[in-house]
Amino acid sequence: MESAWTSYTTTRTNYTLEGEQMHWLACALYVACRKGVVPTVGRGGLHQGNGVSLTRLLRSTHLSLVQFFNKARKWADMCNLKKELREKIDKLERNFAVSNVIFKKYQPIFVDLFRDPAQDPPKVARSRKSKRPPCTPGELFDFCWTLFIRVKAAFPSISDDLVNSYHLLLATCDYVYSNAVMDKRDDLLNPGFDGGEEGGEREERVTPPCILDKLCTMHD
């Protein structure tokens with residue numbers, strides 16, 4: 001974007017930008033994208049930002065998220081960014097910190113409920129016409145975490161709240177576990193986990209089990 005390049009060249013003229021220049025340009029692009037607006041479909045309104053993915057931007061410029069936050073704060077000072085944009089960067093950093101902590105808690109919870117993804121068999125090449133095999137514990141691990149992230153993003157008020165985010169994680173794991181039980185996916189479930197039911201009861205179930213109390217007790 002032209003505005004991002006203009007901002008970058010102006011800042012480079014006024015300040016010494018140490019390190020990889022592409023990283024500073026990524027900051028300029030991020031700010032320009034956040035300042036932009038695009039029309040919404042149907043109602044003729046406007047949406048703040050132009051939908052450019054920060055993840056793709058950082059991946060393209062080989063910039064880690066931690067490095068980005070460090071440089072973004074400096075960029076905000078050099079460019080004298082408005083308070084609103086500074087607060088968005090701060091909230092994004094808090095959100096990342098919360099997600100980082102939650103992910104560390106998620107891993108042991110998952111292997112308590114399901115089979116260890118590390119034990120997944122190697123993937124076998126298959127033709128496009130062949131039927132897709134049932135999901136593996138590793139794929140379920142990715143799905144459960146992605147579901148948590150998507151739901152958390154739908155509620156911005158709790159995105160940087162550690163306690164509420166942890167409660168959401170437990171609810172997500174409970175939801176995925178109950179669906180695996182109802183679908184009789186014993187190949188995904190950890191046989192060592194006591195969900196409060198015997199195998200026979202599991203076969204006869206007509207309502208999904210709830211293991212929230214169990215999770216709260218095991219992972220307080």
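Which backbone oxygen lies 2.9 Å from a polar atom of the side chain of Thr61? The legends below begin with that close-up and then move along to other parts of this predicted model.

**View 1. Thr61 and its polar partner in the loop between helices H3 and H4.**
The backbone oxygen in question belongs to Leu57, and it lies 2.9 Å from a polar atom of the Thr61 side chain. Thr61 itself sits in the loop that connects H3 (54-60) with H4 (65-78). Its relative accessibility is 8%, under the 20% cut-off, so Thr61 counts as buried. Leaving aside residues up to four places away in sequence, Thr61 touches Met22, His23 and Ala26.

**View 2. His62, a loop residue with positive phi.**
Stay in the loop between H3 and H4, where His62 is also found. Phi of His62 is near 55°, a positive value in a residue other than glycine. Is His62 buried or exposed? Its relative accessibility is 67%, over the 50% cut-off, so His62 counts as exposed.

**View 3. Asn14 of helix H1, shown together with Met78.**
Asn14 lies in helix H1, which covers residues 2-14. With 55% relative accessibility, Asn14 counts as exposed. Have a look at Met78 as well: 64 residues separate Asn14 and Met78 along the chain, while their C-alpha atoms are separated by 8.7 Å.

**View 4. The ring pair of Phe103 and Trp145.**
How many aromatic pairs does the structure hold? There are 16 of them. In the pair shown here, the ring centres of Phe103 and Trp145 are 4.9 Å apart and the planes meet at 75°, so the pair is edge-to-face. Phe103 comes from helix H5 (residues 83-113) and Trp145 from helix H6 (residues 137-153), so this pair ties together parts that are 42 residues apart in sequence. As for cover, Phe103 is partly exposed, with a relative accessible area of 27%, whereas Trp145 counts as buried at 16% relative accessibility.

**View 5. The ring pair of Tyr177 and Phe193.**
Tyr177 and Phe193 form an edge-to-face aromatic pair, with 5.4 Å from centre to centre and 80° between the planes. Tyr177 belongs to helix H7, and Phe193 to the loop between H7 and helix H8 (199-204), so the pair ties together parts 16 residues apart in sequence. Tyr177 is buried, with a relative accessible area of 1%. Phe193 is buried too, at 8%.

**View 6. A cluster of aromatic rings.**
Which residues do ring pairs link into a cluster? The members are Phe103, Tyr106, Phe110, Phe114, Phe141, Trp145, Phe148, Tyr177 and Phe193. You will recognise the residues of the two preceding views: Phe103 and Trp145, as well as Tyr177 and Phe193, belong to this cluster.

**View 7. Lys105 over the ring of Tyr166.**
Here a charge meets a ring. The charged end of Lys105 sits over the ring of Tyr166, at 5.5 Å from its centre.

**View 8. Helix H7 from its start to the residue Lys184.**
At the start of H7, a side-chain oxygen of Asp161 reaches to within 3.1 Å of the backbone nitrogen of Val163. Helix H7 runs over residues 162-182, which makes 21 residues. Why does its length agree with expectation? At 1.5 Å a residue, H7 should span 30 Å, and its end C-alpha atoms are indeed 30 Å apart. The helix is followed by Lys184, whose phi is positive, near 55°. Lys184 has its place in the loop between H7 and H8, and it is a residue other than glycine with a positive phi. With a relative accessible area of 43%, Lys184 is partly exposed.

**View 9. The whole protein, for orientation.**
To place the close-ups, step back to the full chain. The protein has 9 helices and 2 strands, and along the sequence they follow the pattern α-α-β-β-α-α-α-α-α-α-α. Of its 220 residues, 33% count as buried. Among contacts between residues at least 6 apart in sequence, 66% join residues at least 24 apart. The protein exposes about 14200 Å², of which carbon and sulfur atoms supply 54%.

Definitions and conventions. Residues numbered from 1 in each chain as written. Predicted model: local features only at pLDDT ≥ 70, side-chain atom pairs only at ≥ 80, totals over all residues. Heavy atoms only, no water. Helix = DSSP H or I, 4+ residues; strand = E, 2+ residues; numbered from the N terminus. Expected span 1.5 Å × (residues − 1). Polar contact = N/O pair within 3.5 Å; in protein donor to acceptor, adjacent residues only side chain to side chain. Buried < 20%, exposed > 50% of the residue type's maximum accessible area, 1.4 Å probe, protein only. Contact = heavy atoms within 4.5 Å. Areas by Shrake-Rupley, 256 points an atom, 1.4 Å probe, with all protein chains shown as cover. Phe/Tyr/Trp six-rings, centres within 6.5 Å; stacked < 30°, edge-to-face > 60°. Lys NZ or Arg CZ within 6 Å of the ring centre and 35° of its normal.
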